[in-house]
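Here's a quick walk through a protein chain and its ligand. Have the viewer open and follow along.

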Amino acid sequence: MTDLTLYIGNKNYSSWSLRPWFAMRASGIHFHEELVPFDMAAGNPAFSTFSPTHKVPVLKHGQFNLWESLAIIEYLNELFPKKGLWPSDRRARAHARAISCEMLSGFFGLRTQCPMNMRRLPSSIDLSAETRRDIKRIEQIWETCLERYGGPFLFGDLCAADAMFAPVVNRFEVYCLSGNPAVKTYMQAMQSHSAWQEWQTAGRAEKWVVDEDEV
Ligand SMILES: N[C@@H](CCC(=O)N[C@@H](CS)C(=O)NCC(=O)O)C(=O)O
């Protein structure tokens, strides 16, 4: 039994939901999942019953509700310090937090033009200059990490930074965004993880369609 509930949106589309879900599942933190499907046309009214921002994800721990994916991961790290959500080395940990902050606060070109979509069949689209800059920076982040920490994940073992970049792995695949061999090897490591497989299978089985995320 667990007193943790994670409210998430559709697994096919909800990139922010994937981040803490993946961190929890991959690190073996038990939780109850509450999937609340998007109702974009109506402004997602159901979200306001548990989320002050009307957005997902939200973690409920007893009577405490917490929003914002990275804040949720930090809270889980304090609840479960032995789960290794962040790297044990201080500088690697700071590095992992820095790139996670980059993800949280940036890459608007990529996020806007290439929505996460687990069901999408891979095909390329015309990319804006901003999206191309985002892709280049992400390739640089991943290459640096894989070289410095030796892979197979960004900091060697899987950690919260991988969870923060998990939706980008899907975007790189379904919009054919990178031919970089190191990037491809990293994507394979992520996509063969059991937590990834579980999310992807469930997302692909969903029937809901969010028109604005179908590119
Ligand atoms: N910065 C937030 C972003 C949350 C977010 O934008 N969630 C999207 C789903 S992936 C959402 O709930 N959208 C509904 C809406 O904007 O009405 C986080 O890290 O959790």
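What follows covers the domains, their contact, the core, a hairpin and the ligand shell.

Keep in mind that this is a predicted model. The domain assignment splits the protein chain into domain 1 (4-83) and domain 2 (90-198). Their C-alpha centres sit 20 Å apart. Where they touch, domain 1 puts in 12 residues and domain 2 puts in 16 residues.

Which elements supply the domain 1 side of that contact? Look at α1 (15-27) and α2 (69-79), each of which brings at least two residues to the side facing domain 2. α1 gives the most here, with 7 residues. Sorted by class, this side of domain 1 has 7 nonpolar, 2 polar and 3 charged residues.

Now for the inside. The largest nonpolar core counts 53 residues, and Phe 22, Ala 23, Cys 159, Ala 160 and Ala 161 are the ones with the most contacts within it. Helix α6 (residues 160-174) provides the largest share of this core, 10 residues. Where does the core lie relative to the domains? Domain 1 (4-83) and domain 2 (90-198) both give residues to this core, so it lies between them. As background, nonpolar side chains in soluble globular proteins tend to be buried together.

Phe 22 is a good residue to click on, being among those with the most contacts in the core. Leaving out residues up to four places away in sequence, Phe 22 touches Ala 163, Ala 166, Ala 195 and Trp 199.

Next, a hairpin. Strands β3 (residues 58-61) and β4 (residues 64-67) run antiparallel and are joined by 4 bridges. Across the pair, His 61 stands opposite Phe 64 in β4. The hairpin leaves 2 residues between the strands, and Gly 62 in the turn has a positive phi of about 60°.

Finally, the ligand. There are 13 residues around it, and Ser 14, Trp 16, Lys 55, Val 56 and Ser 69 come nearest. α1 gives the most to this shell, with 3 residues. So α1 turns up twice, as it also gives the most to the side of domain 1 that touches domain 2.

Here are the two residue sets side by side, by class.

| Residue set | Nonpolar | Polar | Charged |
|---|---|---|---|
| Side of domain 1 that touches domain 2 | 7 residues | 2 residues | 3 residues |
| Shell around the ligand | 4 residues | 7 residues | 2 residues |

How values were computed
Residues are numbered from 1 along each chain as its sequence is written. This is a predicted model: local features need pLDDT of at least 70, side-chain atom pairs count only at pLDDT 80 or more; totals for chains, interfaces and linings use all residues. Domain bounds come from an automatic or database domain assignment. Two residues are in contact if their C-beta atoms, placed from the backbone, lie within 7 Å. Ala, Val, Leu, Ile, Met, Phe, Trp, Tyr, Cys and Pro count as nonpolar, Asp, Glu, Lys and Arg as charged, and the others, Gly among them, as polar. Two strands pair if DSSP finds at least two bridges between them. A residue is near a molecule or strand if its C-beta atom, placed from the backbone, lies within 6 Å of it. A nonpolar core is a set of buried Ala, Val, Leu, Ile, Met, Phe, Trp, Tyr and Cys residues joined through C-beta atoms within 7 Å. A residue is buried if 20 or more other C-beta atoms lie within 10 Å of its own, exposed if 12 or fewer, and partly exposed in between; C-beta atoms are placed from the backbone.
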